[in-house]
Amino acid sequence: MTTATTSAGRRRTGAGDVVLSVRDLHVTFPSEAGDVRAVRGLDFDLRAGETMAIVGESGSGKSVTSLAVMGLHPASAQITGSVRLHGEEILDRDDAAMSKLRGKAMSMVFQDPLSALTPVYTVGDQIVEAIQLHRPMPAAQAWKEAVELLDLVGIPNPQARVRSFPHEFSGGMRQRAMIAMAIANDPDVIIADEPTTALDVTIQAQVLEVLKRAQRETGAAVIMITHDLGVVAGMADRVTVMYAGRPVEQGSVDDIYYRPQMPYTIGLLGSVPRLDAAERQPLATVEGNPPSVVNLPPGCPFAPRCPLAEEQCWTTEPALVEHSGSLARRVTAGPDSEAATVAGHAAACHLADRVVRDGLRYTDIFPVAEHAWSALEQVPREQRQPVLQISGLKRHYPLMKGAVLRRRVGTVYAVDGIDLEVREGETLGLVGESGCGKSTTLMEVLNFLPPTDGTITVLGKNPAALRGRARKELRRDLQIVFQDPMASLDPRMTVFDLIAEPLKAHGWSKADTAARVEELMATVGLDPSHVNRYPGQFSGGQRQRIGIARALALKPKLLVLDEPVSALDVSIQAGVINLLDQLKAELGLSYLFVAHDLAVIRHIADRVAVMYLGSIVEHGDVDQVYDNPRHPYTQALLSAIPIPDPETERTRERILLRGELPSPADPPSGCKFRTRCPRKLALPESDQERCVTEPPPLLPVGTDHTSACHFNDTDRHVDVVA
Amino acid sequence: MGRFILRRLLNYAVLLFVAISLTYLLAASQLNPRSLWELANPPIPAETIESSLRSKNLSDEVPLLQRYWTWLTGVLLHWDWGEAPRTGDVGPEIARRIGVSIRLITIGSLGGIALGVLVGAWTATKQYKISDRTITFLALAIFSVPVFVLISVVQVLATNFNDATGWRLFEFVGETGSVGDYPGAVLVDRIQHLALPTLVLVLANAAFFSRIQRNLMLDALGSDFVRTARAKGLPRRRAVMKHALRTSLIPTGTYFAFSVATLFLGSTFVEVLFSFHGMGEYAITSIQGQDVHGAVAVAAFGGVCVLVGATLSDFMVAALDPRVRVS
């Protein structure tokens, strides 16, 4: 506090001054099972212009912290400790007093842009409301400011869009509008709670840019709450890692990424699939699940999952303290940046000194699954049988309009002519942003109905032509694992009934069924004695394992996986990916793996197809495509993905795509990507004409690599890493 | 656009035609107007009864389909809804009764719905507090008491009030009574007669809609956009009133529109016990009086109400919800 005025709510900090100071914050919710101790002692100082990330898995207390700081926690929460804004205590203020700070001194960007804006008011109404609440001014002036704010956050044609309702905005645009609202009154602190989790990667990259720009414009300090370690690496100056309501490691972003001291942090970093990992390196498996914060046992809450845990870890909870020598000995090889990491690297671990001294890495601490090679993979691809062939597949939907009067007004070209092939023992990854048609493709394969055009051949048969018994038999060979392990398991059936259901449907005897269920439970790494439990008693990762067991019950040949790990926490996700890898090798399965996370695809897939607006734009061997992407869309997609490596993130050159996915009801003529294509802009006028008029076919650019661009060879090559 | 409206109206017309025709066939085959005269004392000659029934197209000796055809052509060509066995033409009777029903239920139901929405929204913000629990209890009490019991209680209380004060403030027989000769006496008289039935309708509707609105409001209160509004700096109360209430009114709007038909035909007890001769009462008396044409006309009116309600609810949603309006 160096400057004159002190009343909280007005700006009075110079760069580097502490704006927000949190001390010994505890948040407890009463519940029937006992007190839920969501946050148990959190300290941090936030300086003007600085970005601090709070990282943790679901239930670690990171979102509760942000709501407590804003005073938006539920009334039942008991909060103790201290939160000081510009040196003034704000934790004891009532709603009226906090309302004067919220939106002015502190503002917030929430996770889900689809539900965070009121659907019945225009975007402009809602921004104007935020402006006029804190700065009374004539409506005309406030609307003018709202337009300027929308312009600042990169909404095209803000003059017109300010009158739009939230549902007329895409997810990314809504999140921009949220950011516009958050910076409307030049706040000192912006809390962003998972601001890009619900967005596609190319949109995420845009929104993160906007957030950085907003921070530059306002000079605000940012608290970035996220589970995405890639985003943290690119955005944060400092990082607080939370586990079971406690900060377990705190330090500069380089300290945390290059010199982690707490086994949990190390495991978390080791369990992220990396886009820049050339060969298949197995992921760290952090066994078990985060503990419930009701009735925590004594000792370190991570001890049950920590392979290093010793006697004292089970009895006393370690304090968050600095461990000397962290500067001298590096844990992992990182760039030379000691100067920036002088103070404030603390870890809550009894064994941190040992971790630092011995330079332990995740491969030293956690069990690492060896990549299993299946017998099939030794056979050259051409000699293996195809299990799924898709050729010229089209699926068009009628576009209906009107609530009072429904009528057809056009056609949605959801999938518009694609060819794919999956051979035995192979994983084909299908990637693309939401709305690109990947889920439609998957449903076409499963539906067994004739598509609008083209053919689908499963194990040499045309499912649409099969009837009765033959159809049922083919169903057995083709199974699906769904995205949401909560929604895809009937909560009122026991695990036994869930896994046995496909067996019963196919007439297995009782005795065989029981034996098979037990076998399956063991196969997917669940305790067979838990078969009589209900899905609600399992964690997300375990539920997904139940879903996999159900899919495997009938010994299928082809497994279709629809975003199977996207709903899971990072440390849990790694376990499921490793399991899928292992199952494929052991059971000789083939996967059609749909995902939007390109890092996961790189990790698990053999071949990859990139979809854009119903067409495949690049297709081929996974390493060839990732190491040498030739289509401008693939290049942009890869460059948009944050890599959990701060040094790489700082020096990376990003291709930011302009705009958003065009509507599949009105795709551009010629090349569908041309409206957003950075390569087209660099072409001479005469060549650009060709992009508009002529749809490019998939052209070979390598031995097993095709790309649908007229000008595959004309452009600079952008490395994925640096 | 016009083509779609036309198609929709045509749809409705077909639906109505089928429903009304089925009702006619059911009523004409089940109701027995002849029984009204057969037991008369002194006995009426059978030929007289038969010719009277035939003149009214009510004789069960004429084949059902022939009667149906006669009735149908009458309705379609002359807008003649037929004759009741004793009381003359059905059409004018219904027209008069619709007026009575509208006068009876408009204030009571609109007031009750408005009150219910406000009370429901307010109790949602006080979830599990004493005020919420008290109102929940009262609403459920009103809900679970049959309407005629509620009416009796109200009438007893009003009588006690009249006796205690010596005025005849509350009237509860019919629409009008002895009108004084001071200015505005007609209006005062009507209000005196309308007060109690309106109170009953308000209570019943408010109890019902407060429960619906409370649940809708609770959903809206927990929603992200209310949190966003508060994060902008709106105090809790204003965030709730401006953002949660408006959004949670959308489903109530459709519900209200759909309840139009039940309002008209569902206030039977109120009409009977307060001697208002409206549509609800007519539904009962026409069936009791073996009045085939009256019963069919009531069913037709109910059908029109339902379809008007459905259309109204579509427009209501379009008006309240921009997500629908724009698309």
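These legends walk through close-up views of a predicted model with chains A and B.

**View 1. The whole complex, with the predictor's own scores.** Before zooming in, here's how confident the predictor is: the complex gets an ipTM of 0.79 and a pTM of 0.81. Chain A comes in at a mean pLDDT of 86, with 92% of its residues at 70 or more. For chain B the mean pLDDT is 88, and 98% of its residues reach 70 or more.

**View 2. Where chain A meets chain B.** On the chain A side, 33 residues are in contact with 29 residues of chain B. Three elements of chain A each put two or more residues into that side: α2 (95-101), β7 (106-109) and α3 (123-134). By residue type, the side of chain A that touches chain B splits into 16 nonpolar, 8 polar and 9 charged. One of those elements, α3(A), also has the highest mean pLDDT among the elements of chain A, at 95.

**View 3. Two domains of chain A, side by side.** The domain assignment cuts out domain 1 (375-612) and domain 2 (615-707) in chain A. Their C-alpha centres sit 27 Å apart. Across the boundary, 23 residues of domain 1 of chain A are in contact with 22 residues of domain 2 of chain A. On the domain 1 side, β15 (407-423), α21 (598-604) and β21 (607-612) of chain A each supply at least two of the touching residues. β15(A) has the largest share of that side, with 8 residues. Sorted by type, the domain 1 side holds 13 nonpolar, 5 polar and 5 charged residues.

**View 4. Helix α19 of chain A, checked with a ruler.** How far apart should the ends of this 13-residue helix be, going by 1.5 Å a residue? Residues 540-552 of chain A should span 18 Å, and the end C-alpha atoms are 18 Å apart, so the model agrees with the expected value. Is α19(A) mostly covered or mostly open? Mostly covered: 13 of its 13 residues are buried.

**View 5. The shaky bits of chain A.** Take these stretches with a pinch of salt. Residues 326-342 of chain A have pLDDT below 50, yet the model gives this stretch 29 contacts beyond near neighbours in sequence. Residues 717-722 of chain A also stay under 50, and here the model has 13 contacts beyond four places in sequence. Among the elements of chain A, the lowest mean pLDDT, 76, belongs to helix α14 (residues 375-378).

**View 6. Chain B, pulled out on its own.** Chain B has 15 helices and 2 strands. Its C-alpha trace spans about 85 × 65 × 40 Å along the principal axes. Of the 327 residues in chain B, 34% are buried. Looking at contacts in chain B with a separation of 6 or more, 69% join residues 24 or more positions apart. Confidence in chain B peaks at helix α9 (residues 224-231), with a mean of 93, and bottoms out at helix α15 (residues 322-326), with a mean of 66.

**View 7. Annotated spans of chain B.** An unreviewed UniProt entry lists "transmembrane region" at residues 9-27, 102-123, 135-158, 191-209, 255-276 and 296-320 of chain B. In the model, residues 102-123 of chain B are 100% helix and 0% strand, with end C-alpha atoms 31 Å apart. Residues 255-276 of chain B come out as 77% helix and 0% strand, and their end C-alpha atoms are 26 Å apart. UniProt (unreviewed entry) also gives "domain: ABC transmembrane type-1" for residues 98-317 of chain B. That span is 81% helix and 0% strand, with its end C-alpha atoms 27 Å apart.

**View 8. Two domains of chain B and the contacts between them.** Here the assignment gives domain 1 (2-80) and domain 2 (91-326) of chain B. The C-alpha centres of the two domains of chain B lie 34 Å apart. Contacts between them involve 15 residues of domain 1 of chain B and 10 residues of domain 2 of chain B. Both α1 (2-30) and α2 (35-38) of chain B supply at least two residues of the domain 1 side. α1(B) gives the most to that side, with 8 residues. The domain 1 side divides into 11 nonpolar, 3 polar and 1 charged.

Conventions: Residues are numbered from 1 along each chain as its sequence is written. Chains are lettered from A and ligands numbered from 1 in the order in which they are written. This is a predicted model: local features need pLDDT of at least 70, side-chain atom pairs count only at pLDDT 80 or more; totals for chains, interfaces and linings use all residues. Domain bounds come from an automatic or database domain assignment. Two residues are in contact if their C-beta atoms, placed from the backbone, lie within 7 Å. Helices (H or I, at least four residues) and strands (E, at least two) are DSSP runs, numbered from the N terminus. Ala, Val, Leu, Ile, Met, Phe, Trp, Tyr, Cys and Pro count as nonpolar, Asp, Glu, Lys and Arg as charged, and the others, Gly among them, as polar. UniProt positions are given in the numbering used here, feature names are shortened, and annotations may be inferred rather than shown by experiment. The expected span of a helix is 1.5 Å times one less than its number of residues. A residue is buried if 20 or more other C-beta atoms lie within 10 Å of its own, exposed if 12 or fewer, and partly exposed in between; C-beta atoms are placed from the backbone. pLDDT is the predictor's confidence in each residue, from 0 to 100.
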